[in-house]
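Biologist: I'm new to this one. Could you walk me through how to read a few of its features?

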Amino acid sequence: MTRWIRMGLLLAVAVPRAQSGCESTGDREYYCRSTGDPVADGAALYEFIEKRSYPCGSTILLDAGAEYVNKGEPGVPSHSYGFPLGPQAGCNGAYTTITSTRAGDLPEGKRVLPSDKPKMAKLLTRGTFPAIQFFPKANNWRLAGLVLSNTAAASRNGYIAWVLGASHRFDPVPPGDELSQVVFDRVLVYPYEEEAYGDLANNTNGLAYLRTARTGFYLMGRNVEILNSYIYGLGGYARKGTPVAVTGASSGKPAVLTAPGISASLGVSGTCSGACDESCYGSCARVVIAGAAGDWLTLNGPKYVKYLTADTVAVYSPRRLSGIAGGGEPYSGSGKGPLTGNVSVFGTELLGQYGFLTAWGGPYRIINNHIEAWGMNIFLGGSDTPAVDPAIVQSGSTETRLLLDHVRELKVGDLVVVDVPEGAGRSKYCGSSAKGCWNSNRTRVGKVTAIDGTAVSLAPHGPDGIDVPPRIGGRAAWRGLLIENIEIRRNTIFRNHEHLLAQAGKGPIEVKQAYNGLVDGNIIGTAVNGNYFITSRNQGGRSPWMTTENFTFSNNLVGGPDGSSSRMLMQLEDDEHTNAAGANVTFYNNLQPNVIEIPYAGGISQIADGGGGRTGGWLHNTNTPPMGTRLRAFLHFDCQTSPFVYGVTSDWSIRDNLWGFGEGIVIGRSQDGRSCWPAAKDQIKSNLFVDTRDTGVRTIRGAWPGNTVLSNYGQVKFKGVCAFESWEDCELAEDSPGKGAASDGKDLGADVAQVKDRINGWSEEAGLLVADTSVPAMVNNPEAFQLGAAEAVIRFKVFNAKDGTCSLELYTNGARTKKDPDTDSYDKQACTREGNSLDAGVVTFRAGRYSPLRPGATYHYRIQDGERVMVGEFTMPDAPAPERPGLPPPGPGLPRENLSPEAQRPEAGPRQ
């Protein structure tokens, strides 16, 4: 009898629930029934998992709809522990699965929703520890059909409860202790306030803005997958101090709240004539107000209060979607009458919120999830990572010549970080008090210029350049761990901006270091203060090997109900601490309609920003701010002198984009007007610029020759209104001047059909494409394409085989306007044409049968399968490929383990 049949029997038969416990139901399956007592059931589950009396590969069933609360002493959250997942032996590729008895009602491959909660079991934490706790070397775990959350106990005691944690401690995980082979599939992650107080849209008492859980996933591991899950409600305000009971309120504008000692309780002092902005910092505080009723109901929620007297404060509302810190809008109490309700004012601090956070490890696969947070939904890096094989500095070492106990795997050109004596302070190469290097630290960095035995010659490099002798007996390190081989694909990444942008973090995706990464086919909503922030940051100062290299952002749709920022920031050399310069970072085929102007970073709103690095650039992106929008910088670099900042190279490309441009800094110059990017004009070709601020077509064309410039979007000729709500109409019409005008023969800007295909994952599901982080890109599945001398056999799974809508068209140009003779009629395009076959839902299409295909030619295809439209290309070999006896049906994708380590390392530059 199969496991799911047995599970159904468990649901159908009434089971006595007098006592908590887990019992075997045979064949490596264990059932942990619910008695209705979440604490007792949680304790039983905790003990069962901890004893590990089950073999690896078992299934642990939990009752759908039941709660299992982690172990701990009542009222002592610090003694609460997450359900303990540890190392397992004898797995042989199998996973021990913890799942719900109704997980079978959650279709595989489909993203779950909050409405699916009744089908899930809940694993809850009531303290500072996470709901799931991975112990050192935890391996081969799969969690499916579960809720991960916290309880009100964490809130009452004022603790932040991470819904999911990294290990048995919150310190950095040492190498070898990381988890491995872990899958989260169809799980819900949210803080308990979502259920207790309602979501923000329906908030009436203000408490929905208070939060205890700030992080969905924080982990370091190997071969970790987060699939088809829904992460939400992360973001809000943590309570700070004791709530103040309000005794009265005026009905003016701004309204004034009264309570004995309210100003001191909320930490505000000193009069200020302005609103709650930067000019009144210290006289104002962010608060959450709760309990107001009647006419004063709108008083509830996040507000700002300003000092008036010791017992009175004025109330201001936050300026939503504004970069100004504070509340600039006076809250009006006019006409409201006496204050009603038991009103409390909570002092708060904004939680730093992350949907997914990691410092090192990989591969990671984050596929088809909803990831919602107020701050940085996905954050990669940001802290020091362990050195792999550090050395010890020997006696006789100087600032230019190290004597070490070993030089294993050290190469000329590597960066070496060394300990220096206490009191050495900052390096003389640290250039600004605003930079991280200004803080006194105990390390310095040099670049290796020669190696003679165990003697290493160094030259100072970057803001932490070595300028003093190292500490004898101290550490010298040159190799460390990075985030490697990460896929972030087909997710909805949403930032709920119910607060000020200046307090919201930088962007929905922030990368501070990663090697081999692909962000493809995501919908990124409400990214109003930045879309992607890509840097190479040695943030802690002790990891100069930090780099962002071989990373692609492609086929993403950015916008949302509040529009999106224009920013695609790239800074691949760190001006705060020394790092290894990044390389090969590319923004390709991203669609960003409804770009809005938001004051940020001193009023600069960059379409692209750069510093340092090698190769990469911006290709085939569509970025359309409305007419009249001011974008004050298009592309600039900081101009500094080595070794403080390392300069830039001219091997970047800005090509084939469709971009609205306002007024601002000339491409290739710094904000102070100096030029530090030689031959910038030579790198900026075949773009279509729309003048959004009357800069002048002739002026723009004169500044950037080799590009098309139009004075308005009507001249672009989209198929319809190019907006986020109608983003498919951002495709170019047949008579658009950008049609087929790109340097590669494609349309200028983003290929909208390709964006839609990648967002939905149609080509991947059909077996045509697989992800390859070594490129990094979605590439043709070799099992789907057999290319011969004059014929191409293309095999793909179909989902509408019976409705007669399956067709394949071949084009000889990238704009897909010139049909190849082999598919230039309806009969020739049909998946059922002569010579083709349909077997078990897989079409074998023999292209070239009616008209031979040309050796060495690139063909662009369009496959329609019902409402699914899949686009791509392939290149015929110059010589006939060896015949293969047959192709197996394409599956969901090439397994990751089929990619050799060598194949995952591109020749994009040396890895430090």
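Modeller: Happy to. Let's begin with a term: a residue is called buried when its relative accessible area is under 20%, and exposed when it is over 50%. Keep in mind that this is a predicted model.

Biologist: Let me try that out. Is asparagine 92 buried or exposed?

Modeller: Asparagine 92 has 79% relative accessibility, so it counts as exposed. Look for it in the loop between strand 7 (83–85) and strand 8 (96–100). Its phi is near 50°, a positive value in a residue other than glycine.

Biologist: Where is asparagine 589, and what is its phi?

Modeller: Asparagine 589 belongs to the loop between strand 45 (583–588) and strand 46 (591–593). Its phi is positive too, near 60°. Asparagine 589, however, counts as buried because its relative accessibility is 2%.

Biologist: And asparagine 369, buried or exposed?

Modeller: Buried, because its relative accessible area is 0%. You'll find asparagine 369 in the loop between strand 27 and strand 28 (370–373).

Biologist: Which residues is asparagine 369 in contact with, leaving aside neighbours within four places in sequence?

Modeller: Contact here means heavy atoms within 4.5 Å. With those neighbours set aside, asparagine 369 touches Arg111, a run of Ile226, Leu227, Asn228 and Ser229, and then Arg490, Asn491 and Thr492.

Biologist: Now helices. Why is helix 8 described as largely enclosed by the rest of the structure?

Modeller: Count its buried residues. Helix 8 covers residues 752–760, and seven of those nine are buried, so the rest of the structure largely encloses it. The buried ones are Val752, Ala753, Gln754, Val755, Asp757, Arg758 and Ile759.

Biologist: What should I look for at the ends of helix 8?

Modeller: At the N-terminal end, aspartate 751 acts as a cap: one of its side-chain oxygens lies 3.2 Å from the backbone nitrogen of alanine 753. Just after the helix comes glycine 761, with a positive phi of about 70°.

Biologist: One last feature: cis peptide bonds. Which residues does one join, and what is omega there?

Modeller: Omega is the angle to read. From glycine 362 to proline 363 the peptide bond is cis, with omega near 5°. Proline 363 sits in the loop between strand 26 (354–358) and strand 27 (364–367). Another cis bond joins valine 775 and proline 776, where omega is about -15°. Proline 776 lies in the loop between strand 55 (769–772) and strand 56 (777–780).

Definitions and conventions: Residues are numbered from 1 along each chain as its sequence is written. This is a predicted model: local features need pLDDT of at least 70, side-chain atom pairs count only at pLDDT 80 or more; totals for chains, interfaces and linings use all residues. Side-chain values use heavy atoms; hydrogens and water are left out. Helices (H or I, at least four residues) and strands (E, at least two) are DSSP runs, numbered from the N terminus. Buried means under 20% relative accessible area, exposed over 50%, partly exposed in between (1.4 Å probe, protein chains only). A polar contact is a pair of N or O atoms within 3.5 Å; within protein, one must be able to donate a hydrogen and the other to accept it, and residues adjacent in sequence count only if both atoms are side-chain atoms.
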